[in-house]
Each structure stands twice: as C-alpha cells, then as structure tokens.
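Trainee: Please give me a close reading of a single part of this predicted model. I should like to follow the reasoning one residue at a time, and then to see what else deserves a careful look.

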Amino acid sequence: MTETLKLTDVSHDYGHGDLRVRALDGVSLTVRAGELIAVMGPSGSGKSTLLGIAGGMEHPSIGEVIVDGTPLRSLNAQALAAVRRRSIGFIFQNYNLIPILTVLENVAVPLELDDWPRARALKTSRQALAEFGLLEVADSYPENLSGGQQQRVAIARATAGSPRLILADEPTGALDSITGESIVRLIRERVDAGAAAIVATHDARLAAWADRVLTLEDGHLYATTEMQR
Ligand SMILES: Nc1ncnc2c1ncn2[C@@H]1O[C@H](COP(=O)(O)OP(=O)(O)O)[C@@H](O)[C@H]1O
Ligand SMILES: [Mg+2]
C-alpha cells in the first residue's frame, strides 16, 4: 500500500535554553492509504504537536516528514501551502468553522482557495453535505447547528476535496459519546475510500475504529495494539 505519511526520527522542541520543552522525541511512523491510526495519550504528551508536524504546519526541530512521497522540508512556503490545501484535511476539536459564512460556503472555502471555479466548488460542497446528511442546513450559519452537526460540517470541509491524509485532533472532545462515535465512523468511511488518517483521542472506545492504536507519553510514541477489524 502507498505510504501516505512517513515520519522518520522526528523530534521537536519548543523554546530555548532552560525553557526548552521536548514535545516529540524520536518519533517514527508510517501511515498507509486505507489505514486509520489512533494516537492516545494524556494532555501534554505531544499529540497536537505530532499532528501539526505531520500536516506541515511547522517543520520538526529534527527529522523528516514525507507526505505522498514529497519531503515537506524540500518545499518552499508556497508549495508547502499547496500540499496542505490539496493533500491534507484537518479536523479540530472546536470545529473552527467561519461564523459569518453559511455551512455551504464554509465547506467550499478550501476548494476556492485551491482555485476551483466557484460553481464547481459549490457543487462538490453540496455533494459532500448530502453525503453527510447536512443538505437541509446548507444555508444555515454554524451558530444555529448542534455541536455534532458543526463537527460533521467540519469533516465535510476537511474531506470535500478528497485529501489523501486526514488529521483529526481530538475531534470528539466536545461531543457526547454517541455523537462522537458517529464522527469517527465518518472518518473511517473516508479511510475505507482510500485516505490515510491519524486521530488523536482520549477516548478508548473511539480507538476501536482504528487499525492501529499508538500511545504518546512525554513525546515518545509507543505501539499499543493491532486491532482486529
Ligand atoms: N507553542 C508552544 N510553546 C511552548 N510549549 C508548547 C507549545 N505547544 C505545546 N507545548 C508543550 O509541548 C508539549 C506537548 O504539547 P501538545 O502537543 O499540545 O500535547 P497534547 O496535544 O497531547 O496535549 C507540552 O509540554 C506543551 O506544554
Ligand atoms: Mg492537544
């Protein structure tokens, strides 16, 4: 299977001198197309740092990140931004929807930023909303939706352009467990359709949807289990 994401000996520090914090320490990880990885670990263990570095939001202090065969460090800022827009879908705990845009417009934004013609961006966004059972709220504003609906919109936005890599940072953290499970099922469907995904979560039940469960502890990544699916 294609190696969609490959981290090799990645370490990352914040701050300098006495204030230096090593957030990741010697992390290596390969995620293939069709694979969903759950990363568990307490607050402060490095989950968000791992996802940010996997998604090219920042370069690691040490080590290499390869997305779809391209070492991210080899790219200039513009090319890196293009890889992030085209190949990577981010999902956050707090949804990060734009309040002054409708649901449909929110989903269309990344496609339009990627220079899709507006009509095509809106058509594809409508299709994504329909798939997620959200067509009836397409013209609503985020504040009028439940948390679960907002997160489904955020997933539609993150996946409408069929990114190869999905990175979700505690996507169910603000939701009740039944809604949370429906959210992870949506990510699972995108993975079964060929994406690769990493989901950072506290919730052991959600990890049951993963092919592999890894644990971060003080920046060290440990293999936990091969799930039987
Ligand atoms: N911007 C930052 N500046 C300084 N330290 C940070 C920053 N972001 C995270 N850290 C530190 O790095 C470590 C890992 O944080 P983080 O990746 O957010 O963990 P998690 O997502 O598992 O809670 C923690 O010790 C945290 O305090
Ligand atoms: Mg975090």
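**A close look at helix H4**

Mentor: The buried residues of helix H4 pack against two other helices, H3 (103-113) and H5 (147-159). Please keep in mind throughout that this is a predicted model. H4 itself runs over residues 118-131, a stretch of 14 residues. From its first C-alpha to its last, the helix reaches 20 Å, which is close to the 20 Å expected at 1.5 Å a residue. The residues of H4 that count as buried are Ala121, Thr124, Ser125, Ala128 and Leu129. Viewed down the helix axis, these buried residues fall within an arc of 140 degrees, so they line one face of H4. The face turned away from that buried side carries Ala119 and Lys123, both of which are exposed. Just after the helix comes Gly133, whose phi is positive, at about 65 degrees.

From the helix we may turn to ligand 1. The residues around ligand 1 are Tyr14, Val21, Ala23, Pro42, Ser43, Gly44, Ser45, Gly46, Lys47, Ser48 and Thr49. Strand S2 (21-32) and helix H1 (47-54) each supply at least two residues of this shell. The largest share, three residues, comes from H1. For Gly44, a backbone N or O atom lies 2.7 Å from an oxygen atom of ligand 1. Ser45 places a polar backbone atom 3.2 Å from an oxygen atom of the ligand. In Gly46, a backbone N or O atom lies 3.1 Å from a ligand oxygen atom. Taken alone, ligand 1 exposes 560 Å², and the protein buries 58% of that area.

Lys47, one of the residues around ligand 1, also leads to Glu170, which touches it. Glu170 lies in the loop between strand S7 (165-169) and helix H6 (177-192). Although it lies in a loop, Glu170 has a relative accessibility of 15% and therefore counts as buried, the cut-off being under 20%. Leaving aside residues up to four places away in sequence, Glu170 touches Gln93, Ala200 and His202 as well as Lys47.

To return to the part you asked about, H4 has its buried residues along one face, with helices H3 and H5 as their packing partners, while Ala119 and Lys123 are exposed on the face turned away.

Key. Residues numbered from 1 in each chain as written. Chains lettered and ligands numbered in written order. Predicted model: local features only at pLDDT ≥ 70, side-chain atom pairs only at ≥ 80, totals over all residues. Heavy atoms only, no water. Helix = DSSP H or I, 4+ residues; strand = E, 2+ residues; numbered from the N terminus. Expected span 1.5 Å × (residues − 1). Buried < 20%, exposed > 50% of the residue type's maximum accessible area, 1.4 Å probe, protein only. Arc of directions from axis to C-beta. Contact = heavy atoms within 4.5 Å. Near = heavy atom within 4 Å. Polar contact = N/O pair within 3.5 Å; in protein donor to acceptor, adjacent residues only side chain to side chain. Areas by Shrake-Rupley, 256 points an atom, 1.4 Å probe, with all protein chains shown as cover.
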